[in-house]
Amino acid sequence: MANLSTGTAYYAWFTLYLYDFWVLCISSSFAWGCSTWNILVPFFKSHVGRRHLDVGVGTGYFPARAGDTMEALTLVDLNPSCLSMASRRIPQPKNGTKTFVADALEPRMLPSSLPPSLKSYDSISLMYLIHTLPGPPGYKLQVFRNAKPYLKEKGVVFGATVLGKDVYHNLFAMLLMWVYNRLGIFDNFGDSKEEVMKALKSEFEEVRVEVIGCVLLFVASQPRETSKQE
Ligand SMILES: C[S@@+](CC[C@H](N)C(=O)[O-])C[C@H]1O[C@@H](n2cnc3c(N)ncnc32)[C@H](O)[C@@H]1O
């Protein structure tokens, strides 16, 4: 990936810390009711595996705090700047970090020409990605089906997403939801725990979910060979 110019690099770091402060510190705790430090970081650490794929990496905050569990890391994002920032920030695992600009809504997220080792993971994370994906749940939750081929038989898919439906939103949350959905930063008014569970259960035998504040934490394993139609 091309080097960032000094100005762009300062801007990138500013954006990175602004994102971490506003989204992961202020919004997570006070709007969504789910502390990044007390809930999301321990959740991430407890599910990340040796070969890990992070989809929608953003600033790389979570993989940067994964400790030394990861031996190999692959980062996927639509935005090349995110990949560039995140891969600089995350300590290099023993077997390195690979980055791919790719769309999680595309069935073949990673290039088919990759060696098998880059197409098979112990864990795949989707942290704060789903609420940003466009479209109704039935469309955007195909992200689970798209991630599944890259999971080892005993691997785990996990993540967190802000729900828009059937959860309590405080005034701050309501304001952010309204602004973000209007600006197209979020598209989650239709996202409920039931919709996410239904989509996960059609792809995985084992599904666990928990709602904290208005954030759904999910963990799924034992991928089904074919999607189960309801
Ligand atoms: C809200 S950020 C979350 C970042 C990070 N996972 C975290 O929890 O801090 C969402 C990230 O997903 C990326 N993203 C959005 N739509 C995507 C898509 N269709 N495919 C891949 N990445 C996407 C964005 O570029 C952004 O980096």
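A disulfide is taken here as a pair of cysteine sulfur atoms within 2.5 Å, and by that criterion the structure holds 0 disulfides. The structure is a predicted model, in which local features need pLDDT of at least 70 and side-chain atom pairs count only at pLDDT 80 or more, while totals for chains, interfaces and linings use all residues. Residues are numbered from 1 along each chain as its sequence is written, and side-chain values use heavy atoms, with hydrogens and water left out.

Two cysteines show why no bond is assigned to them. The sulfur of Cys-25 has its closest cysteine sulfur in Cys-34, 13 Å away and too far for a bond. For Cys-214, the closest cysteine sulfur is also in Cys-34, at 8.7 Å, which is again too far for a bond. Cys-214 is buried (under 20% relative accessible area, computed with a 1.4 Å probe and protein chains only), with a value of 1%.

Turning to the ligand, 18 residues surround it (a heavy atom within 4 Å), and those that come nearest are Gly-56, Asp-77, Asp-103, Ala-104 and Met-127. By class, this shell has 12 nonpolar residues, 4 polar and 2 charged; Ala, Val, Leu, Ile, Met, Phe, Trp, Tyr, Cys and Pro count as nonpolar, Asp, Glu, Lys and Arg as charged, and the others, Gly among them, as polar.

Backbone atoms also make polar contacts (N or O pairs within 3.5 Å) with the ligand. A backbone N or O atom of Gly-56 lies 2.7 Å from a ligand nitrogen, and one of Leu-78 lies 3.3 Å from a ligand nitrogen. For Gly-58, the partner is a ligand oxygen, at 3.1 Å.

Methods: Polar contact = N/O pair within 3.5 Å; in protein donor to acceptor, adjacent residues only side chain to side chain. Buried < 20%, exposed > 50% of the residue type's maximum accessible area, 1.4 Å probe, protein only.
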